[in-house]
Each structure stands twice: as structure tokens, then as C-alpha cells.
Amino acid sequence: RAEDRPLLYLNGVSVSFDGFRAINNLSLYLERGEMRAIIGPNGAGKTTMMDIITGKTRPDSGEVFFDGTIDLTQHDEPAIATFGIGRKFQKPTVFESHTVEDNLLMALQGSRGVLGQLFYRLNRDDAAKISEILETTRLSARRSDLAANLSHGQKQWLEIGMLLAQNPKLLLVDEPVAGMTDAETEETARLLKEIAQDHSVIVVEHDMHFVRELGVKVSCLHEGSVLSEGSLDHVSKDPRVIEVYLGR
Ligand code: ADP
């Protein structure tokens, strides 16, 4: 049954750019409701892996299945977005000249497609959903402020909120705490743990203090495949991991 299979299943995936194997026989399984941290040195293939999941890059070989039966290698980026995979890039891309609340409303409307937008009315369910997202993202008190006036960390949270407004099953989050203060970083760990209670999440992150705060299973990528996997304690003591981080 589809619901017994992992939410995301990458098996033996490879992709080359001009003969260079950026992803090399990569396998990774994400359970439903799991949050996973992806670490690895620069050039390990983390971004390319995310590009494969979202359909931005098509693998040369291997299997990529979502939600049991959806073969992601057979779909393009816009289609995959409608399957419930939301991605947040490192740099926040909120609409600065709109309020926090309007940013969330636009994300909610955008997820409905053209027809949905045409017949769109803000109903009570939507208003409740927006309020809930504002609370999750620590932005309730800022709902009427322009996004331009938020701190860098709050803009990152708003963008996570915009993903949530689109009802994703899987959130892909790229370096969420880059450029954040220590307090914002700690708050982001709490926030993502709350979100992970009813979503699956993949977080790519360099900040090991933050990864420790998340307290989830870690996959360390190197040269396009998984070098080590397990708790951060396990992975960070793995001699092969120490070698790639220190031995270069
Ligand atoms: P990471 O995100 O872990 O830093 P990337 O996935 O960005 O790693 O890159 C993995 C490797 O693939 C790097 O050596 C990078 O230079 C190469 N690469 C990524 N995208 C392309 C591309 N479009 N064309 C050529 N090489 C690429």
C-alpha cells in the first residue's frame, strides 16, 4: 500500500554535468512525518539532490518516488509543486512591499491555480489557517507590517509560512539559519520541530549547532552519495566524516 512506503524514496540516483558525477548512486529514504537534516561539505551534491526532488534536474539513472507511487523522474517542476513538495531557497524571496498577512494570502491563493483564484473568497477556514500560520511562524504581532520591515530571520520565517500556506506534504528547506542571530537560530529550531509534527521536512544546513538543536537523523553527503547516516553524534564521530571535513 502506498501509505506504507516511505514518503520519499531515492534509489541509486546518478546525475552528471559535462561528464562530472554530481550525484553518484545516491539512495535516501524519508519516512512519513520525518524531519531529516542533510549535511556535507561544499560540492557534496546537496543542492543537486534538492533539484532532483523538485524536478529542476532530471537524473540520468535511478528511481525517485514520492508518496508511494508518484515517479518524480516523469514529471516537470510545475507538476511536482502541485504534488505537495514545497521548497524554500536560502535567500528569502518575500514580497517586500506587501504586508506579512498579504504575503501569506498570496501564497494560499497561488496554490489554488488559476480557476481557484478566479472564484476565490477569503472564507473562515482560510482566515483561521492564516492565523495559525502567523502563530507558528512567530509573526502574529507583525501581521499588518510590511514584509520589508521584518528582520532577516523573520523574513525567513515568513517564507516558511508561505510554504505552509500551500499545504505541502514535504518541505525542503535550504540553509534556513544562514545569517540569523543566535536567538533567531534557536527559535527556528523550535519552529521547525513544531512544523515537523504534521509535515515531513528535509533541512540542508551547515550550522552544526542548529542541527544539534533539531535533534533529528542526519545524512552526510559527500561526492554525490550518502557517506554516513544516523544521529548527529554517530555521524560526527564517523572517521569518514571527520576525514572529509578536516582532511582536505
Ligand atoms: P552542494 O549543494 O552540496 O554544495 P551542489 O549540488 O551544488 O553541492 O554541487 C555538486 C557538484 O556538482 C559540484 O561540484 C558542482 O560544481 C557541480 N554542479 C552542480 N550543478 C551544476 C551544473 N548545473 N553544471 C555543472 N556542474 C554543476
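Which residue in β10 is the bridge partner of Val-218? The partner is Gly-230. This report covers that hairpin and the rest of the fold.

This is a predicted model: local features need pLDDT of at least 70, side-chain atom pairs count only at pLDDT 80 or more, and totals for chains, interfaces and linings use all residues. Residue numbers start from 1 along each chain as its sequence is written.

**Overall fold**

The protein has ten helices and ten strands. Its radius of gyration is 18 Å, close to the 18 Å that the globule rule gives for 248 residues, so the protein is as compact as a globular protein of that length. That radius is taken over C-alpha atoms, and the rule is 2.2 Å times the number of residues to the power 0.38. Helices (H or I, at least four residues) and strands (E, at least two) are DSSP runs, numbered from the N terminus. Along the principal axes, the C-alpha atoms fill a box of roughly 50 × 40 × 35 Å.

Buried residues make up 39% of the 248 residues. A residue is buried if 20 or more other C-beta atoms lie within 10 Å of its own, exposed if 12 or fewer, and partly exposed in between; C-beta atoms are placed from the backbone. Of the contacts between residues at least 6 apart in sequence, 66% join residues at least 24 apart. A contact requires C-beta atoms, placed from the backbone, within 7 Å.

**Ligand shell**

Residues around the ligand include Phe-17, Phe-20, Asn-42, Lys-46, Thr-47 and Thr-48. A shell residue has its C-beta atom, placed from the backbone, within 6 Å of the ligand. The shell divides into four nonpolar, six polar and one charged residue. Here Ala, Val, Leu, Ile, Met, Phe, Trp, Tyr, Cys and Pro count as nonpolar, Asp, Glu, Lys and Arg as charged, and the others, Gly among them, as polar. β2 (20-30) and α1 (46-54) each supply at least two shell residues. α1 gives the most, with three.

**Helix α6**

Helix α6 runs over residues 152-164. Its 13 residues reach 19 Å from first C-alpha to last, close to the 18 Å expected at 1.5 Å a residue. The expected span is 1.5 Å times one less than the number of residues. Twelve of the 13 are buried, among them Trp-157, Lys-155 and Glu-159. The cover includes β6 (85-88), α3 (100-110), α5 (124-136), β7 (170-174) and α7 (182-195).

**Strands**

An open sheet of four strands has the order β2-β1-β4-β5, with antiparallel pairing. β2 and β5 (70-71) stand at the edges, each with a single partner strand, so one side of each is left without a neighbour in the sheet. Strands pair if DSSP finds at least two bridges between them. β4 (61-66) and β5 pair over two bridges. Phe-65 stands opposite Asp-71 in β5.

β9 (217-222) and β10 (225-230) pair in the antiparallel sense over five bridges. They form a hairpin with two residues between them.

**Positive phi**

Most residues other than glycine have a negative phi. These residues have positive values:

| Residue | Phi | Place |
|---|---|---|
| Asn-167 | about 55° | loop between α6 and β7 |
| Glu-175 | near 45° | loop between β7 and α7 |
| Glu-223 | about 50° | turn of the β9 and β10 hairpin |

Asn-167 counts as exposed, with 12 C-beta neighbours inside 10 Å. Glu-175 is buried, with 20 other C-beta atoms within 10 Å.

Technical notes. Two residues are in contact if their C-beta atoms, placed from the backbone, lie within 7 Å.
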